[in-house]
Structures are given as C-alpha cells and as structure tokens.
Amino acid sequence: MTFFGNSKPARLAALAAGAVLALAACSPSQSAPAPAASSAMPATTQPTVTASASPSASPNTSATVGAVVEGFPQQLLPLMPGASVVSSSFDKASVPATAALVATVGAPPAAVIDFYSKALEAQGFKAVPGEAVGSVASKDFVRGDNETVNLSVVEASGTATYTIGANVAAETAK
C-alpha cells in the first residue's frame, strides 16, 4: 500500500498524523494510548517529521517519527538499549498525561517485557496478571488508582517492534 504515490516524506507525514490520531482517540474517558505499530525502519534512515495535533487532541499533543518527541518522559518510559525509535507522542497537558513510544530492537519479546517490567516496577508500578492478548506479548502495569502503562511486543524476522503507552499524573511524567 502506498500513500500519496511513492513520496517518502508524505508517507512519514501520514504515519505521524496516524500516531497523533491514535493518541487523540485515547482521551481519559476512553482507553490507554495505543498508537498503531508501523513498519520497522531504522531511525538513522528516517527523517524526523512532527505532526500537528488533530482537532480533537489537546493543543499540547505532539508526535514525531524517527525520534523521541520533545518533552517526552524518558525517565518514565526509557528507550530500551539498542532500540530504534519509530515514533513517539506526548501530551503533558491532558489529565492524565499521555505518552507513547513505538520502537524496534533486535531482541526477543521476553527481553523487552523484562526490561520494561524492571524499569516500571522500580518506579512503583505493579504488573497486572496476564502475558499476552491473543498471540501478541502484552503486559499491563498500574500505580495507584489511576496510572497505567501498557506494553505490547510483536516479533518478525528477529526484530521486535514494541509499543508502550502510559496514562500518568502530569507531575510523574518526567
């Protein structure tokens, strides 16, 4: 499938817009953010494209392709060592604040789950029972009464593509 012919910048802009729409669709009255996974291309070959927010998104929502978006809470959701960013989004002004990251790494899904489980548990999150949704490795975490993180990982040809999204209090989104 091609977007706007074979123009790579147009495809990347469409991907960034899709990430923003996915984030916007996950307002606090709905479910946790889950940006659509995209094709896995190394960050070094992708130009960075920042999309403006959709009309239904908070004016402070931003999404970037190929890099970590400015202001992204990297202490909360660190990039796994060796991973390449596919896209990221962040809205600190929403209640709760929302952040999402899509990345690829040459590691098995179990290693991705283990890395993020340790990182999140060190911040006071507790893992929720369950290891998969259908055939997709997936793990949920909660902290307090209203902070959640979801991690989903798929593997193809030895490369894991993962999506991690968080809904947390703005003061903890660092």
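Helices in this report are DSSP runs of H or I with at least four residues, numbered from the N terminus. The model described here is predicted.

**Confidence**

Averaged over the chain, pLDDT is 75, and 66% of the residues reach 70 or more. Residues 1–57 stay under 50 in pLDDT. For that segment the model has 87 contacts beyond four places in sequence.

**Helix α2**

Helix α2 covers residues 109–121, and Pro-109 lies in it. Pro-109 has a relative accessible area of 16%, which is under 20%, so this residue is classed as buried. Apart from neighbours within four places in sequence, Pro-109 is in contact with Ala-137, Val-153 and Glu-155. Thr-161 is 52 residues from Pro-109 in sequence, while the C-alpha atoms of the two are 8.4 Å apart.

Helix α2 also holds Asp-114 and Lys-118, which are four residues apart and therefore separated by about one helical turn. These two residues form a salt bridge, with 3.3 Å between the closest N and O atoms. Lys-118 is exposed, at a relative accessible area of 55%. Asp-114, at 38% relative accessibility, is partly exposed because this value falls between the 20% and 50% limits.

**Salt bridges**

Side chains of opposite charge can pair when their charged atoms come close. The model has three salt bridges under the 4 Å rule. They are listed below with the N to O distance.

| Basic residue | Acidic residue | N to O distance |
|---|---|---|
| Lys-118 | Asp-114 | 3.3 Å |
| Lys-139 | Glu-131 | 2.9 Å |
| Arg-143 | Glu-147 | 2.7 Å |

What is the burial state of the residues in the Arg-143 and Glu-147 pair? Both Arg-143 and Glu-147 are buried. Lys-139, which pairs with Glu-131, is buried as well, with 8% relative accessibility. Lys-118, by contrast, is exposed.

**Strand β3**

Strand β3 runs over residues 84–91 and includes Ser-87. The relative accessibility of Ser-87 is 5%, so Ser-87 counts as buried. Beyond the neighbours within four places in sequence, Ser-87 is in contact with residues on both sides of the strand in numbering. Those with lower numbers are Thr-64, Val-65, Gly-66 and Ala-67. Those with higher numbers are Ala-100, Leu-101 and Val-102.

Note on methods
Residues are numbered from 1 along each chain as its sequence is written. This is a predicted model: local features need pLDDT of at least 70, side-chain atom pairs count only at pLDDT 80 or more; totals for chains, interfaces and linings use all residues. Side-chain values use heavy atoms; hydrogens and water are left out. Helices (H or I, at least four residues) and strands (E, at least two) are DSSP runs, numbered from the N terminus. Buried means under 20% relative accessible area, exposed over 50%, partly exposed in between (1.4 Å probe, protein chains only). Contact means heavy atoms within 4.5 Å. pLDDT is the predictor's confidence in each residue, from 0 to 100. A salt bridge is a side-chain nitrogen of Lys or Arg within 4 Å of a carboxyl oxygen of Asp or Glu.
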